[in-house]
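Subject: Handing over the structure

Hi there,

Here is the structure I promised to pass on to you. Have a look at it first, and then read my notes below.

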Amino acid sequence: MLTEILLRIHAARLTRRYLTPKGSSVYSPPQPDSKAQYLLYIHIPFCEELCPFCSFLRVKFEPSLAKAYFDALKKEINTYHNLGYRFNSIYVGGGTPTIVPDKLADIVLHAKSLWPIDQVSVETNPSHLTDDILAVLKDIGTNRLSVGVQSFDDRVLKSVQRYDKYGSGQQIRQKLSSVVGMFDTLNVDMIFNFPNQTAEMLTADVRIIKEIKADQVTWYPLIISKSRKQQIATSCGRMNFRRERRLYDMLTEELADTYNAESVWCFSNRPGLIDEYPVSHDDYAGLGAGSMGYVNGALCFNTFSIPEYIRMIEEDRSPVLSIRNFSPVEKMRFGLLLKLLTGSTSLSAMKAKYGKHFVLHLWKELLFLLVTRSAVFRNGNIVLTAKGRYYWLSIMSTLFATLGDYRDIHTPPPVLSKTTKNTPQPNQTKP
Ligand SMILES: C[S@@+](CC[C@H](N)C(=O)[O-])C[C@H]1O[C@@H](n2cnc3c(N)ncnc32)[C@H](O)[C@@H]1O
Ligand code: SF4
């Protein structure tokens, strides 16, 4: 427990350091490598209702704001095209990307007209699994659909205010069953360790996932950024980190007869089916408000203010809020973090990417893994042990919680006016 606490403290500190801009005084998208193929991440920050636990950038849906936002997105896509970026896959995340289906189709088809894109992933909610929306998703060539469910237990769904919006566990289950097989991959997003979720509820959720025969399930631990702590406590009780490990071990064990652990929290029914873009793609560009990109060792965030994002794009200014150009060692550490998210990585591949002194530069990290028995070296690979997988889950959830805090610091309060132009916004200056 002590090691885990220290690890979380260290991970939070490192994340805060990596979020501090460095090495660039001009905030514009990084120059692409002309030979590279990148993934295009597009953020759609609108939701019909806001879940109390969610620390992603999301605001309540407002049609006029959304229209201006989609127009701005299209323009930002053109900017990346003019800069010479080449994309072969798109990931549309949110918020709720399917909130205005024809606008989603418009931007995906626009990107497809600019680049030879062969992979399209879209996130959605259970209430959007309607014939009309599914037809749009098929038309735009969606390969992977990811549906946020969180839990099938009605008590949990009610407490996190998703029951009225997205239906009961039974209704969600029926909708998912009817969608299985429609796309190359149907992923279901789940959460464990809600304060009011028991081990029995979790076991029942695992059983339902298997019965539905979802291709993939991504089972996150509940991640709490500072600003969500109170909301979670009010809606479903006080967080208990102590049982997280026990629930995680139980989950991984119960999923093991049907799913391969492709990452510490992503389980697939086909070996090698990993649809986590930061793992499958070394580099990706983030478009839209609050999106994060990582290109050629530069970690880049767009402004978290939606009206500011729209205004900057309309004025032909870059919406980039901050850039950190990683040092060579920072690149190695970040690379190791993401590769080990899958549970193992080849030492020779790391040396080929980061140079033959990779081990010398990261000796402290590698020694930690060995001394704490979090990893073993086997056949030229670094392989996480069961304990190491849980540590990695803790590091990743700390990273996301710290990112959530960063987002909250830079997110202005909601805008009440319906007009987006000339609306004064706090946080307009760049750090
Ligand atoms: C940001 S949502 C976007 C897609 C969609 N709106 C939804 O509700 O699923 C993607 C997924 O992130 C996960 N997520 C969001 N907030 C989280 C948190 N605080 N802790 C753990 N997972 C979280 C949920 O599983 C969610 O389904
Ligand atoms: S979990 Fe999904 S629906 Fe809920 S607020 Fe976050 S993005 Fe919106």
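Before the domains, one term: two residues are in contact if their C-beta atoms, placed from the backbone, lie within 7 Å. Please also keep in mind that this is a predicted model.

**Domains**

The domain assignment splits the protein chain into domain 1 (1-22 + 327-409) and domain 2 (23-280). Their C-alpha centres are 24 Å apart. With the cut-off above, 18 residues of domain 1 are in contact with 20 residues of domain 2. Which helix gives the largest share of the side of domain 1 that touches domain 2? That is helix α17 (residues 386-410), with 12 residues. Sorted by class, this side of domain 1 holds 9 nonpolar, 4 polar and 5 charged residues.

**Ligands**

You will probably want to go to the two binding shells next. Around ligand 1 there are 15 residues, and the closest are E123, G148, D189, Y220 and I223. Two elements, β6 (144-150) and β7 (185-192), each give two or more residues to this shell. Its make-up is 7 nonpolar, 6 polar and 2 charged residues.

For ligand 2, the surrounding residues are C47, L50, C51, C54, F56, R58, G94, G95, T96, N125 and G148. By class, they come out as 5 nonpolar, 5 polar and 1 charged. One residue to click on is G148: it is among the closest residues to ligand 1, and it also belongs to the residues around ligand 2.

**A small sheet**

There is also an open sheet of 3 strands, in the order β15-β17-β16, with antiparallel pairing. As a reminder, strands of a sheet pair through backbone hydrogen bonds, either parallel or antiparallel. Which strands form the edges here? They are β15 (344-346) and β16 (375-378), each of which pairs on one side only. On average, neighbouring strands of this sheet are turned by 20° against each other, ignoring direction.

Looking at one pair more carefully, β16 and β17 (residues 381-384) run antiparallel and are joined by 4 bridges. If you would like a landmark there, R378 stands opposite N381 in β17. Helix α14 (residues 347-354) lies across β15 and β17, and runs at about 60° to β15.

That is what I have for now. Happy to talk it through whenever it suits you.

Best wishes

Definitions and conventions:
Residues numbered from 1 in each chain as written. Chains lettered and ligands numbered in written order. Predicted model: local features only at pLDDT ≥ 70, side-chain atom pairs only at ≥ 80, totals over all residues. Near = placed C-beta within 6 Å. Nonpolar A, V, L, I, M, F, W, Y, C, P; charged D, E, K, R; others polar. Domains from an automatic or database assignment. Pairing = 2+ DSSP bridges. Axes fitted to C-alpha atoms, helices over the stretch in contact; angles between N-to-C directions.
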